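Colleague: I am new to this model and would like a close look at a single part of it. Please take your time and explain each step as you go.

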Amino acid sequence: LATRALASGIEELGAALAPLLESGLEVRGMVSLGFKVTAAGSVAGLKVLTDNTRSPAKEERVRTLLLSQLSRTVQRLRFPKHRATSRVTLPIVFDA
């Protein structure tokens, strides 16, 4: 998987999460996702490897929505076709 293709996917992810993040959500911490990009370019086997994100109790529901949106968006990403399946570990840091 080319770095340029992954960077494009990360930009798409940022755009999808922007409305929640720009709403003033105070979330801090890191979530790491692991997934495979198949030779056909689709995402498979998405897993949350670690999640130490935190937010004030009043925003916990929104934090959960953010993480759900993150997973849904990654699952929908499409990458260019390539020779073999690639494994990706994607750490995402939130710093309100």
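Is Asp95 buried or exposed, and at what relative accessibility?

Modeller: Please keep in mind throughout that this is a predicted model. Asp95 has a relative accessibility of 63%, and because the cut-off for an exposed residue is over 50%, Asp95 counts as exposed. The side chain of Asp95 nevertheless has a partner, for it meets the side chain of Arg28 in a salt bridge, with 2.7 Å from N to O. This pair ties together distant parts of the chain, since Asp95 belongs to strand E3 and Arg28 to strand E1, and 67 residues separate them. Arg28 itself has a relative accessible area of 47%, so it falls in the partly exposed class. In general, side chains of opposite charge can pair when their charged atoms come close.

The strand that carries Asp95 is best understood by its two faces. In E3, the covered face consists of Ser86, Val88, Leu90, Ile92 and Phe94, while Asp95 is on the uncovered face together with Arg87, Thr89, Pro91 and Val93. Behind such a pattern is a general rule: in a regular strand the side chains alternate between the two faces of the sheet.

From the strand we can step out to the sheet. Three strands form an open sheet in the order E2-E1-E3, and their pairing is antiparallel. E2 and E3 are the edge strands, each of them pairing on one side only. On average, and with direction ignored, neighbouring strands of this sheet are turned by 20° against each other. The antiparallel pairing of E1 with E3 runs over ten bridges, and two of the residues on the covered face of E3 can be followed across to E1: Ile92 is the bridge partner of Val31, and Leu90 is the bridge partner of Leu33.

Helix H2 also belongs in this picture, as it lies across E1, E2 and E3 and runs at about 150° to E2. The buried residues of H2 are Arg63, Leu66, Leu67, Gln69, Leu70, Thr73 and Val74. Viewed down the axis of H2, these buried residues fall within an arc of 160°, and so they line one face of the helix. What covers the buried residues of H2 includes all three strands, E1 (28-37), E2 (43-51) and E3 (86-95), as well as helix H1 (3-22). The length of H2 can be checked in a simple way: at 1.5 Å a residue, its 17 residues, 60-76, should span 24 Å, and the end C-alpha atoms are 25 Å apart, which agrees.

One further residue of H2 shows how the helix meets the sheet. Ser71 lies in H2, and, leaving out residues up to four places away in sequence, it touches Leu46 and Val48. Although Ser71 and Val48 are 23 residues apart along the chain, their C-alpha atoms are separated by 8.4 Å.

The pair of Asp95 and Arg28 can now be set beside the other charged pairs, for the count of salt bridges comes to three. In another of them, the side chains of Arg63 and Asp51 meet at 3.5 Å, N to O. This pair too links distant parts of the chain, with Arg63 in helix H2 and Asp51 in strand E2, twelve residues apart. Unlike an exposed residue, Arg63 counts as buried, because its relative accessibility is 10% and buried means under 20%. Asp51, at 33% relative accessibility, counts as partly exposed.

Arg63 also meets Glu60, side chain to side chain, in a salt bridge of 2.6 Å, N to O. Glu60 counts as partly exposed at 31% relative accessibility, and because Arg63 and Glu60 are three residues apart in helix H2, about one helical turn separates them. Through salt bridges that share partners, Asp51, Glu60 and Arg63 are joined into one network.

Finally, there is a loop residue beside this network. Ser55 lies in the loop between E2 and H2, and at 17% relative accessibility Ser55 counts as buried. If its neighbours within four places in sequence are left aside, Ser55 is in contact with Glu26, Val27, Glu60 and Arg63.

Key
Residues numbered from 1 in each chain as written. Predicted model: local features only at pLDDT ≥ 70, side-chain atom pairs only at ≥ 80, totals over all residues. Heavy atoms only, no water. Helix = DSSP H or I, 4+ residues; strand = E, 2+ residues; numbered from the N terminus. Expected span 1.5 Å × (residues − 1). Buried < 20%, exposed > 50% of the residue type's maximum accessible area, 1.4 Å probe, protein only. Arc of directions from axis to C-beta. Contact = heavy atoms within 4.5 Å. Salt bridge = Lys/Arg side-chain N within 4 Å of Asp/Glu carboxyl O. Pairing = 2+ DSSP bridges. Axes fitted to C-alpha atoms, helices over the stretch in contact; angles between N-to-C directions.
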